[in-house]
Each structure stands twice: as C-alpha cells, then as structure tokens.
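Let us walk through this model together, with the viewer open beside the text. We will begin with a strand, move on to a pair of helices, and finish with the second chain and its contact.

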Amino acid sequence: MEVFLQQLINGLTLGSIYGLIAIGYTMVFGIIGMVNFAHGDVFMVSAFIGLICVLLLTTVLGMSSIFLILAITLVVAMVFTGLVSWAIERVAYRPLRGSFRLAPMISAIGMSILLSNFVQVAQGPRNKPLPPMVPDVFVVMERNGYEVTLAYKQIIIMVVTATLLAGFWWLVQKTSLGRAQRACEQDRKMAALLGVNVDLTISLTFVIGAALAAVAGVMYLMYYGVVNFADGFVPGVKAFTAAVLGGIGSLPGAVLGGLLIGLIETLWSAYFSIEYKDVAAFSILVVTLIFLPQGLLGRPEVEKV
Amino acid sequence: MVHPPVADIPPGSLPSGSVPQVDVPANGLPALAPLPPAVPRQGSVVGSAVTDAVVSGLLTGLLLLPLVGFRATESGSGPLGLTYRFGLVAVFAGIVAVLRLVLNLTVWRRGRKVKTSEGPSAFATLALKAAPALRPAFFSFAIAYPFLAILLSGGLSPSRYWVDLGIYVLTYVMLGWGLNIVVGLAGLLDLGYVAFYAVGAYTFALLSTSVPVNDFFAGHLGEGFWTAWSFWLCLPVSGILAAFWGVILGFPVLRLRGDYLAIVTLAFGEIIRLVLINWVSLTNGGAGISSIPPISFFGVPFNATDEGFAAKYGLDFDSMHRIIFLYFVILALAALTALVTIRLRQMPVGRAWEALREDEIACRSLGINTTLTKLTAFATGAMFGGFAGAFFAVRVRFVSPESFTFMESAVILAIVVLGGMGSQMGVAGAAILLIGGMEMLRNLSFLKADFLFGPDFDPSLYRMLIFGFAMVAVMVWRPRGLVSSRLPTIFLKERKAVSSALVKEGHG
C-alpha cells in the first residue's frame, strides 16, 4: 500500500511532464495532421535553455530565491522555445504543406536529428548536472518504517501543470485565437474563406505547443537535475504515446494519456522490472494503435474516398 | 476578431528562411484574390531587402543566443560554469543577414519570372534518357571499383580504406533497396527497418558462436566445419527469420496507415533494441557478441596456413583478400536485391504494391487482397534487411545493440526518400552521396589549420548535424527526392515519364 501510494505520487509527477509534451503533439496533429517528430527535441532544447538560464541567474547574477529563479527560467524558456518552434515551422514545415503525405514527416525527422546534434555540438555530449534546487520533502504518511514522501518539487510540478493547463484550456475555449484554432482544425479552407489567418494560427499553435513543452523541460530539469542532448527522443515517443492513448487531436485526452503513461511506467518499474519500463510504454503505444486507434477520448477517424 | 485576408500578406513579410514557392501557395490554399501588380521601384526593393536582411539576422542571433552564446561547461567535478561566445552568434547572424540580402536582391527578387514546368523536369528527362545506360554503368563501376582502388592507391594494403568504404556504402545501398520495397513500392512508411537488420545480425552472431551447434556439426561433418561454413549456412536462415519477424510485426499494424504506421514500426524497432540490451542471458546485453568467425571463401578460410585461400590458389597471403571478397559478397547481395525488386515489380504482387501505394480503397474495390499484399511487402523488405544484417555481423565480427539505434533507421529512410521513393538508381545515388559524403567529412583535417578553425575543431562531430540539415533542405527543395519523375512499369505503346505532380504518393 505504501509502495503503491509512493509510486502513485511519482507517476502523477512524471505523467504531468508527459501530458505537457503530449499537448504539443496532439494540437499540431489536430490542426495540420502531421506528427511533429521534432517535438521531443524541442522539449530537450527547452531543458537546455532552462539550464543556461538557471546558471546565468545563480552564478552570474547571484540570485538565491528559488521561486524567483524558477519563475524567470520558466518565462525565458517558454519565450525562446516558442521562438525556436516558430522558426522550425516556418523553415521546415510550411513549405511542405500541401505536398505529399510523407514529406513533412521526413522533414520533421531531419529537424529532430538537426536539433539534437546542434545541442551536442553547441553544449557538448556530456550530462549537464545541476545541484538539487528544491531538496525538501514532506512526509505524507509513515507505516512500518516506510515513509511515503511528497517532495516539494513534485508539488511544484503538479501545481504549475494544473495552473498552465487551466490557462491553456481558457485560451482554447474562450479566446479568438482558440476559436480560430478549432476552426482550422475542422476545415482549413473554410476558415481561410471566413477571414481566419490560417498561417498565423498554425504558427501560434506551434508556439503554444512549444511553450508547454518548455514548461515540461524546465520541470524535467528541476526534477531530475540533469539533462543530456539525447534526452529528447524517449520522452518524445512516450508523450506521443500519451497523445495517442488519450485520442490524438483531443486536448483533455493528451493530459489523461500523459498521466496514465506516467503511472503505468512507474508502477511497472516498481512491480515488474525497471529494465523493461520503456518496452512497457512502447507496447502500450502499439496495443492502443491496434485495438483502440481513436484513443480513449478521441473521435473515430472516418475514411473518405 | 479581425484577421487580414490570407492573400493580402506580402510574401516577404515573414522573414527567416522563407522558401520560394512555385506551384503551391505557402498556405496550401488557392489564392483568394490576385495580388495587385507589383510596381518595381528600385529604392523600395533595396530598402525592403535590407530590412529583411536585418530582421532575419537579428532573429538568427536571438535563436542562437541561448545555446550558442552561452555554454554550460564542466570544471572537474565542481558545479557547471558558463562560458560566453557572443562573437560566434554575431558571426552566424551576420552570415545569415548577408545571405538573405544577396538572395533577396538576386534569386528571390519580386516580380522575377519563376519558371513553372508542367511535364517532367529537364533533370528527369535526362535521367530517363540515361536510364538504360545507367544500370550497366553502375554495376560495371561497382565491379571494377576494388581494382581501381588498388591501382590508384598503389597496392593491396593502401587500398584497404577505399575498399572498406565501398563495402560500407554498398551495405547502405542494399538496405536502401530493401526498404525501398516497403516504402517506395508499397507506400508503407517503416521507421523500424533496423529491427530486421538487427534480427539478421543477431541470428548469424548467435548461431555462429553457439557451442551446441558447433558440436553438432563437429560430430557429423568434422571439426572446423561450422567455423568455415557458418556464414553461408546462416545467411538464408537470417533472411528467413527476418522475414518471419516482418510478418509478425506487420500483421498487427496492417490496419494502420501513414504516420501511425511509422510510429508503430518505430516502437517495434525500439522494443527489439531494448530486448537485445536487457536479455543478457541470450544476447550478452550491451556488451554485445564478439569473436564471430570470419567469412570463408565457400569453406576455404582466409588465413596464412597451407589450407588457406592464398596457399590454395597460389597467391601470397594478404589480409586484403578477405576484404575484397567481402566487397564482392555485398555487391552480389545488393545486386540480388535489385534484381528481385525489378522482377517483382513486373509480377502481379509488385503491381499490387504500387497500386496499394497510390490508392488503398481503389485497390480493395478491385479485389486485391490488401492484407496479403502488405504482408509480402513487409516480409520481402525484411528478408533483405536480414541478409544485410548477417553480412554486417560477418564483416565487423562483433554485434551490439549500439549498432541498431533509431538513427540507423532514419538514415536508411533518408536514403530512400532523398533518392526518390521507388527509384532504384536514385536510392543508390543517395546512398553513395549521403554515406560517402558523411565519411568524407572525417577527412576534412585541413579545416584544423590555424587560420581556419584551429586544432580543436573536429569535423566529424558535425556529420549528423549536416545530415539532419541536408534532410530538411532536400525535403524543402525537392520533396519528391532527387529522381522525382515516375516511370510506369506497364504501358500501352510508349513508356513516358510522368511528372511527380500528377501522382499521389511515391514514384513508380
């Protein structure tokens, strides 16, 4: 029971990170129908931007307030990652809109290789460790000498995620940008005829997705305290799994899928084998796509001639 | 909410890498209203070009600032420090600004006539004309290549590097042709092709180093039989097992299409790699399997003994004999792949693949069994991947999961796509260009000169960076690959190349 509770806490934390990345996949797929393969690497780039920002604030400016550092880092990472993602869409995907089906996908794979190797060249191939930023923990319960702990950083991750998701939900449901986005998702040509600036809407979709991935990146950096140029691939695939599990194109589905994948991964590691935790996540992807291709909350895809 | 109508956005208003579009407007939609005729005023053209250059330079600087301008550096075991490289950012921003300025004033000048072609491009017509001669030329060159290498480098031993390079490139040509069956002909995007390569390599590695198998053959056919013959006996087994795995992995994913299929095959590829890493009792985990027996000349070993290849055929012993033989083995395997593909394309199953790629629904309504068609494509492609894997294992004589990462799949896919999906010579050309080119980057040691980048500069670090960049650039520039027109397999009176604009998916 104690182990389960502890894993539940860990799983929800991890799941929040996956959910934030998954939103980027699901939004882009919803609006232009492509799997943004480079999204995992955008997440990794954001973690590096966060790392640089934290170093700059602590070593150069000598800041000591953890919350101020985190807040500034979050904003900086979101802005720069959004800019990176905007540039990627502009350079690598927009010219291929309307081209054949595989072209943007392959361009995205190239972009993913480009980003991870760019970071390797620019920042070096070794792990970049940070001293623990929020080391305190809070003991939830104790029984038979086993403590169930909730680290403050886990609380921060869950609170930040929940706040951002609420803000994001408001953005999509209540603002004109959100309306334009949903209109483009349904019928891009019709939306254009009605005066929606399709290009701008798609660009902003990429920027928003990247900003949420940047939050995930900073949270990842804070949680694990280490980042490497190759760290984008596996979280990227898992977040994509989350998006598929929740039903691709569905925003609540992405969050739900992220939480589920996080839980499954931690529980699998705790009760079965830690070596095969990635296999478990990938197997879920395969099983979902085969038996439930529309996902938990998605709409079934109708094939039209 | 007021947005400007789409057509009113001037093409130059969004800077940073906008690519001139010929036939498809940037948003993939028909233009709503014709643009007012541009009045070419000299001052405004130069002025807007300068503004654009400045903006794009600033943007580049901003993009590069966090990760190039600062670097988190390790200092021993202590915490990370920061070093600054703002000069480098300024240099890159300057380069981009100048490039944009030059391009805006020349190639991308507004009002410049952009030539649009309806039929196949000049390049394609040329390729079509040269096509009958290209294949024999390619194969004769491939056969002559090791001898040319020996002649030009002056001796057996100095030619080793070039023959090794030839083997390396041909392995990718073969893998490209194998994947071409799945992606180019059947139109199934497979991102886990390396799994079959791994299955082939591990099949051979495990069988050839297995003690019980060795003992079994030693008891029946004599000591040393298995060491000498293992490759030749395991080669078909590797292919069959890989094809078997192709069917197993192909079966559940048949209902999926496009991007979903790509992701599932990627997941399968990763699962196989993770199992190879974690199933230590069978595969020795990440340490890999070493001491795989070397290739033999159909039972005659390449060694210095009296029983060896050199002594038997009256030659002086040289370790290069084995390398040259390896070269011809992979050439034969690649030729087999090409030949089988060409023959299959003329048979019903090959035509069904191409029909499936163009339109699955039409295919089904014409009574083609799509399940069987997809499975045969998966299995055939996987079989050639398995052959290539066995060859890889016997060449390197060491296998480990490191060799079968997703990056490998991406490289093979890039070869197929950049070559123009479905085009055999295009794929071969792309493999030579990409793999040979990446290898050549290792040789750029002159860049280490003091007046260029200094001795700390390592050009091989930039290989994958350039590779990724090339993938994006080729996609944006020629989304259909280098050879993009289409040559029908069957025709009524005259074989005519069809422009890629007229076909839905790949290349015929």
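A residue counts as buried if 20 or more other C-beta atoms lie within 10 Å of its own, as exposed if 12 or fewer do, and as partly exposed in between. Please keep in mind that this is a predicted model.

With that in hand, turn to strand β2 of chain A, residues 137-143. How many of its seven residues are buried? The count is zero, and the strand is hardly covered. Its partner is strand β3 of chain A, residues 146-151, which runs antiparallel to β2(A) and is joined to it by six bridges. To find the register, look for A:Val137, which stands opposite A:Ala151 in β3(A). The two strands form a hairpin with two residues between them. In that turn, A:Asn144 has a positive phi of about 50°.

Staying in chain A, go to A:Val226, which belongs to strand β4, residues 226-227. Is A:Val226 buried or exposed? Neither quite fits: because 14 other C-beta atoms lie within 10 Å, A:Val226 is partly exposed. Setting aside neighbours within four places in sequence, A:Val226 is in contact with A:Asn127, A:Lys128 and A:Pro129. A:Ala47 is 179 residues away from A:Val226 in sequence, yet the C-alpha atoms of the two are 9.3 Å apart in space.

Next come two helices of chain A. Two packed helices are described by the angle between their axes and the distance between the axes. For helix α10 (residues 251-271) and helix α11 (residues 277-291) of chain A, the axes come within 9 Å and cross at roughly 140°. The crossing of α10(A) with α11(A) is right-handed. On the α10(A) side, the contact is made by A:Ile261, A:Ile264, A:Glu265, A:Trp268 and A:Ser269. From α11(A) come A:Lys277, A:Ala280, A:Ala281 and A:Ile284. Sorted by character, the residues of this contact are six nonpolar, one polar and two charged.

Now let us cross over to chain B. Its secondary structure comes to 17 helices and four strands, and 41% of its 508 residues count as buried. Among the contacts in chain B with a separation of 6 or more, 74% link residues 24 or more positions apart. The chain is divided into domain 1 (45-72 + 82-105) and domain 2 (122-443). The centres of these two domains of chain B, taken over C-alpha atoms, are 43 Å apart.

Two loop residues in chain B deserve a stop. B:Ser291 has a positive phi of about 50° although it is not a glycine, and B:Ser291 is in the loop between α9 (280-283) and β3 (296-297) of chain B. This serine, B:Ser291, counts as exposed because it has 10 C-beta neighbours inside 10 Å. B:Arg397, not a glycine either, has a positive phi of about 60°. Look for B:Arg397 in the loop between α14 (370-396) and α15 of chain B. With 16 C-beta neighbours inside 10 Å, B:Arg397 counts as partly exposed.

Finally, bring the chains together. The contact takes 66 residues from chain A and 62 residues from chain B. Elements giving two or more residues to the chain B side include α1 (42-69), β1 (70-73), α8 (258-278) and α17 (463-477). Which element gives the largest share of that side? It is α8(B), with 13 residues. The chain B side as a whole divides into 47 nonpolar, 10 polar and five charged residues.

Conventions
Residues are numbered from 1 along each chain as its sequence is written. Chains are lettered from A and ligands numbered from 1 in the order in which they are written. This is a predicted model: local features need pLDDT of at least 70, side-chain atom pairs count only at pLDDT 80 or more; totals for chains, interfaces and linings use all residues. Two residues are in contact if their C-beta atoms, placed from the backbone, lie within 7 Å. Ala, Val, Leu, Ile, Met, Phe, Trp, Tyr, Cys and Pro count as nonpolar, Asp, Glu, Lys and Arg as charged, and the others, Gly among them, as polar. Domain bounds come from an automatic or database domain assignment. Axes are lines fitted to C-alpha atoms, for helices over the stretch in contact, and angles run from 0 to 180 degrees between N-to-C directions. A crossing is left-handed if the near helix is turned anticlockwise from the far one by less than a right angle, and right-handed if clockwise. Two strands pair if DSSP finds at least two bridges between them.
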